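Hi,

Here is the structure I promised to pass on. Have a look at it first, and then read on for what turned up.

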Amino acid sequence: MKQIVIHFLVVLGFHYGKSYVAPVLSVCSRNDPNLEKCIMNAVEKIRQNVIDANYGDGRKAPRFDPMYIDRMEINNGAGFRLVLTNVTIKGTGGFINKKIRPDLAGKKFDIVSVLPKMTIIGKYDLNMQILLLNAVGKGDFRLQLTPVLEVCSRDDPNLGECIMKVVDKIRPNIANGDYGGGRTAPKLDPFAIDKVDIDHGPSFRAKLRNVTIDGFSKFVLKKVRSDLPNQRFLISATVPSCFVKGKYELNMNILLLKINGKGDFNLTLDNTQVNMMIQYYLEPKGDKKFLKFRPVELKIKFDKARFYLKNLFGGDPALEEIGNQAINANPHLLLDEVKPAIKEKLKESLTFISNSVVEGAEEDELLPRKKT
């Protein structure tokens, strides 16, 4: 979520006999218990004046949308120099004020706003060093910034549905692990597990390597229930189909049959049920409290599963077929052994993903109260 926190100084001027206020500006009493709301309404009223830079009675200011920057230069003296010229920024007039903190004693206001979309165009002149590569270029550039995350009001009677829509919108980000602004997290699709080692003695030993799971991002949210007094969300979802593949080494007993093998394997999972409890807390930092998620609590129930392990019994085709038939007669015998490892890795990634999405945001920014 792109956020701009603006600190500015309000100088209060008093005159004997009378005072003058720009004709477009509504005034707010400093004693108003709803001063924040009054200021937000006043700003909303003059939005078009801010965009057009016309405040009436001949009062002018630089345009706010589009904004223009003649020239800016960044030179860190360590192999990086960037000069931008004729820069135009469009979209700043679409700001949405989320919070205003009046500090009348300090004669300032802290404002938190969200810009739904910004487009920046202009000319660039770049010279930078990347390892042994000297990157040089000059010409036109275009940059489009859009927020990853939308917000839902905590007072929304359909808060669960709102959250479901937000999650569905960022599904591509969840899949590829890119949340914008340089924020990344492990990909959910394909989901990777480097290794799994299980040793229950002579009756069951297994090693899995280079495991990838395709299909997790196709999850279908069934229900999201909010419990804001306890700062948590209860989520139910279904994953229609997953395809798992990797390398295996296995020794296991199924009744009187001793199965062993080493090679490639694949596994198809259908109709997997997932239930999660995601709880957040507020982490103080300076005068702010940022929202953070605790480790996700996760329950997984695999419904239908089918394995295929290549090279069972040294690759004998007939024995390989018999071995796979025995495993798939009750696939949960094997699946229940590897389930804890999949679950722990998934819990770790989902916690990381959740915190990546909300990084740098406060509770009132993500779950604001509805304006009245």
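A charge is said to sit over a ring if NZ of Lys or CZ of Arg is within 6 Å of the ring centre and within 35 degrees of the ring normal. By that rule, the charged end of Arg171 sits over the ring of Phe219, at 4.3 Å from the centre. Keep in mind throughout that this is a predicted model.

On to the aromatics. The count comes to two aromatic pairs. In one of them, Phe191 and Phe216, the ring centres are 5.7 Å apart and the planes stand at 70°; over 60 degrees counts as edge-to-face, so that is what this pair is. It links distant parts of the chain, with Phe191 in strand β8 (residues 191–199) and Phe216 in the loop between β9 (204–214) and β10, 25 residues apart. Are these two rings buried or exposed? Phe191 is buried, with a relative accessible area of 1%, and Phe216 counts as buried too, at 10%.

Phe216 also turns up in the surroundings of Leu188, so the core comes next. The largest nonpolar core has 65 residues, and Leu188, Ile213 and Leu250 are the ones with the most contacts inside it. Which element gives this core its largest share? That is β11, with ten residues. Leaving out neighbours within four places in sequence, Leu188 touches Ile174, Ala175, Ile213, Phe216, Ser217, Phe219, Leu346, Leu350 and Ile353. So Phe219, the residue whose ring has Arg171 over it, is one of the contacts of Leu188. There is also a second, separate core of eight residues, which includes Leu82, Leu84, Val87 and Met118.

Staying with β11, have a look at Lys245, which is placed in that strand. Lys245 counts as partly exposed, because its relative accessibility is 43% and the class runs between 20% and 50%. Beyond its neighbours within four places in sequence, Lys245 is in contact with Asn210, Val211, Thr212, Phe265 and Asn266. The C-alpha atoms of Lys245 and Ile213 are 6.8 Å apart in space, although the two residues are 32 apart in sequence. Cys242 counts as buried, at 2% relative accessibility.

Now the disulfides. How many does a search of the whole structure find? It finds two. With the bonded cysteines numbered in sequence order, the pairing is 1-2, 3-4.

One disulfide joins Cys28 to Cys38, S to S 2.1 Å. The angle about its S-S bond is -95°, and the link is left-handed. Cys28 lies in the loop between β1 (3–9) and α1 (35–45) while Cys38 is in helix α1, so the pair ties together parts that are ten residues apart in sequence. Cys28 is partly exposed, with a relative accessible area of 25%.

The other disulfide joins Cys152 to Cys162, S to S 2.0 Å. Its torsion about the S-S bond is about -90°, so this disulfide is left-handed. Here Cys152 lies in the loop between β7 (133–145) and α3 (159–169) and Cys162 in helix α3, so this pair also ties together parts that are ten residues apart in sequence. Cys152 is buried, with a relative accessible area of 5%. Cys162 counts as buried at 17%, because the cut-off is 20%.

That leads to α3 itself. Which of its residues are buried? They are Leu159, Gly160, Cys162, Ile163 and Val166. Seen down the axis of α3, these buried residues fall within an arc of 160°, so they line one face of the helix. As background, an α-helix has 3.6 residues a turn, so residues three or four places apart point the same way. What covers the buried residues of α3 includes β10 (220–227) and β11 (232–254). That is the β11 that gives the largest core its largest share.

Last, a polar residue to look at: Asn324, in helix α5 (residues 317–329). Asn324 is buried, with a relative accessible area of 3%. Not counting residues up to four places away in sequence, Asn324 touches Phe307, Tyr308, Leu309 and Leu312.

Cheers

Key
Residues are numbered from 1 along each chain as its sequence is written. This is a predicted model: local features need pLDDT of at least 70, side-chain atom pairs count only at pLDDT 80 or more; totals for chains, interfaces and linings use all residues. Side-chain values use heavy atoms; hydrogens and water are left out. Helices (H or I, at least four residues) and strands (E, at least two) are DSSP runs, numbered from the N terminus. Buried means under 20% relative accessible area, exposed over 50%, partly exposed in between (1.4 Å probe, protein chains only). Contact means heavy atoms within 4.5 Å. A disulfide is a pair of cysteine sulfur atoms within 2.5 Å. The arc is that of the directions from the helix axis to the C-beta atoms. A nonpolar core is a set of buried Ala, Val, Leu, Ile, Met, Phe, Trp, Tyr and Cys residues joined through side-chain atoms within 4.5 Å. Rings of Phe, Tyr and Trp (its six-membered ring) pair if their centres lie within 6.5 Å; planes under 30 degrees apart count as stacked, over 60 as edge-to-face and the rest as tilted.
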